[in-house]
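Hello,

Here is the structure I promised to pass on to you. My notes on it follow below, so please have the model open while you read.

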Amino acid sequence: MLVYDSGIAQLVEHLTVNQGVVSSSLTTGVVGGYHLSVVSFFVFRKGFGMELQIVQARLWALKMPLLHPFASSEGTVATKDALLLELTDQSGWRGFGECSAFATPFYTAEFQAGAAAFLQHLVLPRVVGHGYHHPDDFDQQVANWQGNQMAKAAVNCALWDLYAQRQNQPLAKALGGERAAAEAGISLGIQASPAALVEKVAQAVAAGYRRVKVKIKPGHDLADLRAVRAAFPTLMLMADANSAYQLTDAAHLRQLDELKLTMLEQPLAPGDLIEHAALQAQLQTPLCLDESITTLADAQAMVQLQAGKVINLKVARVGGLSAAKQILAFAQQAQLDCWVGGMLDSGVARAASLALATLPGITLPNDLSASTRFYATDIIDPPLTLQGSQMLVPAAAGLGVEINWPYFAQVATLLGDFTMN
Ligand code: OSB
Ligand code: MG
């Protein structure tokens, strides 16, 4: 989104980054058309002058009420806590990135307040005033700081949003995406009874979802999945255990094979790659890793150990779109299946995930659902919707979504505003 615009340098830059789209204020300005086209030629041939410089960063805490509490083996979420980051560049473009860390570290080690402190004390003071030729440059800048992927993802994604807007391209295209839509999928929390779960699945199928993921844990697994399978014999069905089992449960989990699940996601603890390999050797059902994969090295170890056959690729968990692209390229070459996961995302993170899901190498339906799956109102306007069994990629440049500022004001608290001095 373009907010303000002043000065010859910025005019020249706009003209060049917008690939020759000349607004009237520019053509009648001090800078002649001939000179501009010369500048533009060098910008595109040499990449000279394409650097974006961050002049402002604003960080908010988000508290979005979920329509229904979402229960997994790790706990129940009734309110989605997140951080929203807005970066403004020297030309007035604004890019947005979400930090998906939850209020408590139940899923991975990151949590909202820790991520906010990391961003406010360490990262954002170094981002504001800094120049980037490409979003990958940020990953280099913070490469010596361990972990904190979800916090880093907020910055990397905001830079990708800016980078794509400056090229006047949808984010999906800037990332190398080739699809105009991504195959949707829905993730259903643990329900009180098998019958209640079957009812939820029926609603999801009626809404258009062709792949349904069901959360499981000991005591809420076989009976629930058998009931769903009986009601929907050909549905693309999978289960996500969020680390609720141990290798000693292998015989129990082997009973899942009869259900012809598309995959079983993260049955064991995140660090248990060797144990996942041992379990995979005893199961026909393909294993998918989620919590276990936070870096490219994790994905490489997964392949080396044969710890599973599928990766749930989450932008947040791996530190942003740049890292996700790298892991996806590796997965493709290693012939692992890959799909894009979610974090009960607001529209900002949802749009970034949707863009990633258009890339080659995404081979299975995603945890990409309509905004209304989790929220009565989204912080983007219009919300993202389901078209048949797919999510259409917005056509506008960058993330391609607009912030719904009036609603945003109801669910957001400003934590910090960093400007260049
Ligand atoms: O394990 O994939 C998971 C939500 C929160 C934390 C972890 C997970 C999930 C989901 C929901 O399954 C996916 C979505 O946002 O659609
Ligand atoms: Mg999962």
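Strand β11 (residues 310-313) is covered on both faces: V310 and N312 are buried on one side, and I311 and L313 are buried on the other. Please keep in mind that this is a predicted model.

β11 has a partner on either hand. Strand β10 (residues 287-289) runs parallel to β11 and is joined to it by two bridges, with C288 standing opposite V310. Strand β12 (residues 337-340) also runs parallel to β11, joined by four bridges, and here the bridge partner of V310 is D337. The path from β10 to β11 includes helix α12 (residues 296-305), and together β10, α12 and β11 make a right-handed β-α-β unit.

These strands belong to an open sheet of seven, with parallel pairing, in the order β6-β7-β8-β9-β10-β11-β12. Its edge strands are β6 (186-188) and β12, each of which pairs on one side only. Elsewhere in the sheet, strand β8 (residues 236-240) pairs with strand β9 (residues 264-265) in the parallel sense over two bridges, and A239 has L264 in β9 as its bridge partner.

One residue of this sheet that I looked at more carefully is K213, which is in strand β7 (residues 211-215). Is K213 buried or exposed? It has 25 C-beta neighbours inside 10 Å, and 20 or more are enough for a residue to be called buried, so K213 counts as buried. Leaving aside neighbours within four places in sequence, the contacts of K213 are G185, I186, S187, L188, M238, D240 and D367. K213 and D367 are 154 residues apart along the chain, yet their C-alpha atoms are separated by 8.2 Å.

D367 comes up again around ligand 1. The residues surrounding this ligand are Y107, S187, D240, N242, D290, G341, G342, M343, L344, D345, D367 and S369. By class, the shell holds five polar, four charged and three nonpolar residues. S187, D240 and D367 appear in this shell and also among the contacts of K213.

There is a second sheet to look at. It is open, has three strands in the order β5-β15-β14, and its pairing is antiparallel. β5 (181-183) and β14 (386-387) stand at the edges with a single partner strand each, so one side of each has no neighbour in the sheet. Three bridges link β5 to strand β15 (residues 390-392) in the antiparallel sense, and the bridge partner of A182 in β15 is M391.

Two helices are also worth a look. How far apart are the end C-alpha atoms of helix α14 (residues 321-333)? They are 18 Å apart, which agrees with the 18 Å that its 13 residues should span at 1.5 Å a residue. The buried residues in α14 include L321, S322, A323, A324, K325, I327, L328 and A331. Just after α14, Q335 takes a positive phi of about 60 degrees.

Helix α15 (residues 347-356) is largely enclosed by the rest of the structure, because ten of its ten residues are buried. Those residues are G347, V348, A349, R350, A351, A352, S353, L354, A355 and L356.

Happy browsing, and do write back with any questions.

Best wishes

Notes
Residues numbered from 1 in each chain as written. Chains lettered and ligands numbered in written order. Predicted model: local features only at pLDDT ≥ 70, side-chain atom pairs only at ≥ 80, totals over all residues. Buried ≥ 20, exposed ≤ 12 C-beta atoms within 10 Å, placed from the backbone. Near = placed C-beta within 6 Å. Nonpolar A, V, L, I, M, F, W, Y, C, P; charged D, E, K, R; others polar. Pairing = 2+ DSSP bridges. Right-handed = clockwise from strand over helix to strand, strands pointing away. Expected span 1.5 Å × (residues − 1). Contact = placed C-beta atoms within 7 Å.
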